[in-house]
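Work through the exercises below with the sequence and the 3D structure open. Each task is followed by a solution in steps.

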Amino acid sequence: MATPAAPSLLLLPPTPLPGLPFPPRPWAAPFARRILSRPPRAGRPRLREPPPAPPPVEEVAEEQDVTPPLRLLEPPQEDDPFPPEMEPADPDFYRIGYARMMRAYGIEFLEGSDGMGVYASRDVEPLRRARVIMEIPLELMLTITKKPPWMFFPDIIPLDHPIFDIIESTDPETEWDLRLACLLLYAFDIEDNFWQLYGDFLPSADECTSLLLAPKEDLMELEDQDLATKMLKNQQRAIGFWQKQWHKAIPLKLKRLAPDHERFLWALSIVQSRSINFKLRMGAFNQDANVLAPYADMLNHSHDANCFLHWRFKDRMLEVMIKAGHAIKKGDEMTIDYMCGVNSSFMERYGFSSPKNPWELINFSSAAKIHMDSFLSVFNIAGLHDELYYNSALTSGETNFVDGGVVAAARTLPTWSDGDVPAIPSVERKSAQALQEECQTMLESFSTTIQQDQEILDSDGHIRKTREIAIKYRLHRKLLLQKIIDALEIYQDRILF
Ligand SMILES: C[S@@+](CC[C@H](N)C(=O)[O-])C[C@H]1O[C@@H](n2cnc3c(N)ncnc32)[C@H](O)[C@@H]1O
């Protein structure tokens, strides 16, 4: 888990406008992002009562389901009443002057090693049922249906605004992100819109990890030609769209939304790395929608997440919930599982990778294979190929070694299995050594070593964000190869006769 940085105590509290906790600022100011971690201002009472009932539902829309990426799980069996001792993490921060406000319980937003994140501000005992830690009403979100007719909730675009024509012109199948980026840019431009304020909490172009913002030289640092080529194409697609729509002869009210292509690329990065999908029900109509949900978009990803998202469709509220049975300690990071996928997919959409990604794959060309069940039993991994998991609760302390990387090894190593036919240790050892050699050859094909990458990351204080994540990506690949080599060593030692 990432360790959150200590809240900055040097910041002077900004002068609040009536009903607002802080004055509007230029978009994406890094200074404003730090307000998230400020201590609550003295004199404001902390709310202790449970949240009031939401206003009656008036609109036609009802939402009932949510689909990946950023997966939402099954609803809990019953409503979880909020224990009276739970309190919003920082009442000032959430009170941005809207009819229904966002509420949070027992958490705080802090800057950590993966940018902003959500952290527990108190211990939570494992419960039989999932527990709510955030509620975000539909009014604060930006949503747009995936298919025409385009509908927005809340409906902020007047029909005669030229941004509507741009959205109208997008391809329903392939351009959801371009549409949502247009909607986001429009929301930033509306006087007093919630997103004008929330925009201050989003990462600036310098802080964004998206490879859409990476110069070509940073893409080369990936040492993954396929991913670099894909990202160059993604950049060209976005710039091409901006050039087509933001040509010279457009009204100022459109021009100012994205005066240069960098602004559009930034909005697109935000959309790609922070949106989720909902299923909206409109009368008899079922429609998928792309959604930007503030505050929930501060949750970082973990393959072993302790929280999940749940859409409470009867009052159109997105809930962030702690999974049943999960013990939370004060200071723990609250995370959700964005998706199951290889590191290059995470890089393409979110701009990060992990050496412990259990879904990561390596293409072996060797004909050598090891015995699947023997390998799994040595590391206490269970399940079928697409459901492999490691239960650390079942093993005593010695095996810190087993993590998502070893699960990835089990998934990606060439294996064989034939009913009850057992492995022959001498044959297994030979195969394991052949696979180790292939990993070693792959490691040596990189232009730098693990140690050199680590030195670059440790030494360069002013490294550009996109260069940093590109170097981390190739480092994570190498760490996985090293993990596979080590796992095969342990396998040879422990294989049963
Ligand atoms: C939905 S946002 C989460 C909030 C974000 N950390 C922030 O600073 O606002 C997704 C972004 O967070 C970062 N992120 C999320 N999970 C991460 C992880 N496990 N490792 C590294 N970065 C992560 C990536 O930059 C990603 O694009």
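**Exercise 1. The shell around the ligand**

Task: Find which residues are closest to the ligand, and which elements each supply at least two residues of the shell.

Solution. Step 1: the ligand is surrounded by 16 residues, and the closest are Gly115, Met116, Ser273, Asn300 and Phe352. A residue is near a molecule if its C-beta atom, placed from the backbone, lies within 6 Å of it. The model is a predicted one: local features need pLDDT of at least 70, side-chain atom pairs count only at pLDDT 80 or more, and totals for chains, interfaces and linings use all residues. Residues are numbered from 1 along each chain as its sequence is written.

Step 2: at least two shell residues come from each of strand S4 (115-120), helix H9 (261-274) and strand S10 (300-301). Helices (H or I, at least four residues) and strands (E, at least two) are DSSP runs, numbered from the N terminus. S4 gives the most, three residues.

Step 3: by class, the shell has five nonpolar, eight polar and three charged residues. Here Ala, Val, Leu, Ile, Met, Phe, Trp, Tyr, Cys and Pro count as nonpolar, Asp, Glu, Lys and Arg as charged, and the others, Gly among them, as polar.

**Exercise 2. The sheet that holds S4**

Task: Give the strand order of the open sheet with mixed pairing, and place Phe109.

Solution. Step 1: the order is S3-S4-S13-S10, four strands in all. Two strands pair if DSSP finds at least two bridges between them. S3 and S10 are the edge strands, each pairing on one side only.

Step 2: S3 and S4 run antiparallel and are joined by six bridges. Phe109 belongs to S3 (residues 107-112) and stands opposite Val118 in S4.

Step 3: is Phe109 buried or exposed? Phe109 has 22 other C-beta atoms within 10 Å, so it is buried (20 or more such atoms make a residue buried, 12 or fewer exposed, and the range in between partly exposed; C-beta atoms are placed from the backbone). Its C-alpha atom is separated by 9.1 Å from that of Leu299, 190 residues away along the chain.

**Exercise 3. The antiparallel sheet**

Task: Find the edge strands of the sheet S2-S5-S12-S11 and the residue pairs that stand opposite each other.

Solution. Step 1: this open sheet has four strands and antiparallel pairing. S2 and S11 (307-312) each have a single partner strand, so one side of each is left without a neighbour in the sheet.

Step 2: S2 (residues 103-104) is joined to S5 by two bridges, and Ala104 has Met134 as its bridge partner in S5. S5 pairs with S12 (residues 317-322) over six bridges. Across that pairing, Ile136 stands opposite Leu318 and Arg131 opposite Ile322.

Step 3: S5 (residues 131-137) is mostly covered, with seven of its seven residues buried.

**Exercise 4. A hairpin and two cis bonds**

Task: Describe how S6 is joined to S7, and locate the cis peptide bonds at Pro149 and Pro154.

Solution. Step 1: a hairpin of six connecting residues leads from S6 to S7. The two strands run antiparallel with two bridges, and Ile144 stands opposite Phe152.

Step 2: in a regular strand the side chains alternate between the two faces of the sheet. In S6 (residues 142-145), Leu142 and Ile144 point one way and Thr143 and Thr145 the other, and all are buried.

Step 3: the bond from Pro148 to Pro149 is cis, with omega near 0°; Pro149 lies in the loop between S6 and S7. The bond from Phe153 to Pro154 is also cis, with omega near -10°, and Pro154 sits in the loop between S7 and helix H3 (162-168).

**Exercise 5. Positive phi**

Task: Place Glu223 and Arg316, and state how buried or exposed each is.

Solution. Step 1: Glu223, not a glycine, has a positive phi of about 55°. Glu223 is in the loop between helix H6 (216-220) and helix H7 (225-245), and is partly exposed with 17 other C-beta atoms within 10 Å.

Step 2: Arg316 has a positive phi near 50° and lies in the loop between S11 and S12. Arg316 counts as buried, with 22 C-beta neighbours inside 10 Å.
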